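Reader: I should like to learn how a ligand site is read. May we look at the structure together?

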Amino acid sequence: MAPYKLYSAQGSGGVAVEAALTLMGQAYALVEAMTYEPDDPSGDAVLAANPLRQVPALVLPSGETLTESAAILIRLGELHPEAGLAPGADDPARAAFLRWMTFVSTAIYAHYWLKDDPFRLVPDAGQHAAVNRRIEDRILECWGVMEAGTEPGRYILGDTLTVLDLYVAVVSRFRPRRQRFAEAAPRLAEVSKRVDSDPRLASFWPERYPFFEGWDRM
Ligand SMILES: N[C@@H](CCC(=O)N[C@@H](CS)C(=O)NCC(=O)O)C(=O)O
């Protein structure tokens, strides 16, 4: 039996966790829960692990359930230090790692709860286009802040790939997608392209976050 059980969905933030487990060489049982497609009943599967009905949710080998993408990625880095995908507690890069992992989660990813369904806070459908524009502007502003606050080398924290790179490569695929991401954060976009073309993930990305013509400009 696989040591991990992961609730995730193709094209979701859970794909960053899938990529991390793949690079760590950890087997996982995948439960596909398409939470962000309102008409897809598979999303209810994640309720067994997360009352918020959101992916990702990870059941650890201990049986404990972990939700929240940043927490999951940070914890996996701790559980599998031999994979070298997260700076350890004494590493000088640790503070920046924690800062930007949390930033991506709270300043950027959290917006999608409203962006994916503006009715959650805005009853007037006539205002949804404006809400969407403002959320996208805010997301791009935050990517710009991260761009200005980091000094990427081959990867965001230097020359070693970490789960932060996987996280950014996935969340920057969400709308407003990569073309505008690259305008707001050109060096982070270069890193994300490097992560997209990592040979160890060559068959993984097309399966779990497939691209199509024009996807990056949507
Ligand atoms: N704070 C959560 C956000 C997760 C999240 O928004 N997941 C999306 C998929 S990318 C989802 O399940 N959305 C369905 C919903 O919010 O109803 C995390 O970082 O894991």
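**Reading the ligand site**

Author: In this predicted model, a polar side-chain atom of Thr35 lies 2.6 Å from an oxygen atom of the ligand. Such a polar contact is a pair of N or O atoms within 3.5 Å. Ser69 also places a polar side-chain atom 2.6 Å from a ligand oxygen atom, and for Arg120 the distance is 2.7 Å. The protein covers 91% of the 510 Å² of accessible area that the ligand has on its own (Shrake-Rupley method, 1.4 Å probe).

Reader: Which residues are around the ligand?

Author: A residue is counted if one of its heavy atoms lies within 4 Å of the ligand. Here they are Ser12, Gly13, Thr35, Arg53, Gln54, Val55, Pro56, Glu68, Ser69, Tyr109, Trp113 and Arg120. By class, this shell has four nonpolar, five polar and three charged residues, with Gly counted as polar and Tyr, Trp, Val and Pro as nonpolar.

Reader: From which domains does the shell draw its residues?

Author: Domain bounds come from an automatic or database domain assignment. The shell takes at least three residues from each of domain 1 (4-83) and domain 2 (94-198). In contact (heavy atoms within 4.5 Å) are 19 residues of domain 1 and 14 residues of domain 2.

Reader: How should the numbering and values be read?

Author: Residues are numbered from 1 along each chain as its sequence is written, and side-chain values use heavy atoms, without hydrogens and water. In this predicted model, local features need pLDDT of at least 70 and side-chain atom pairs count only at pLDDT 80 or more, while totals for chains, interfaces and linings use all residues.

How values were computed
Polar contact = N/O pair within 3.5 Å; in protein donor to acceptor, adjacent residues only side chain to side chain.
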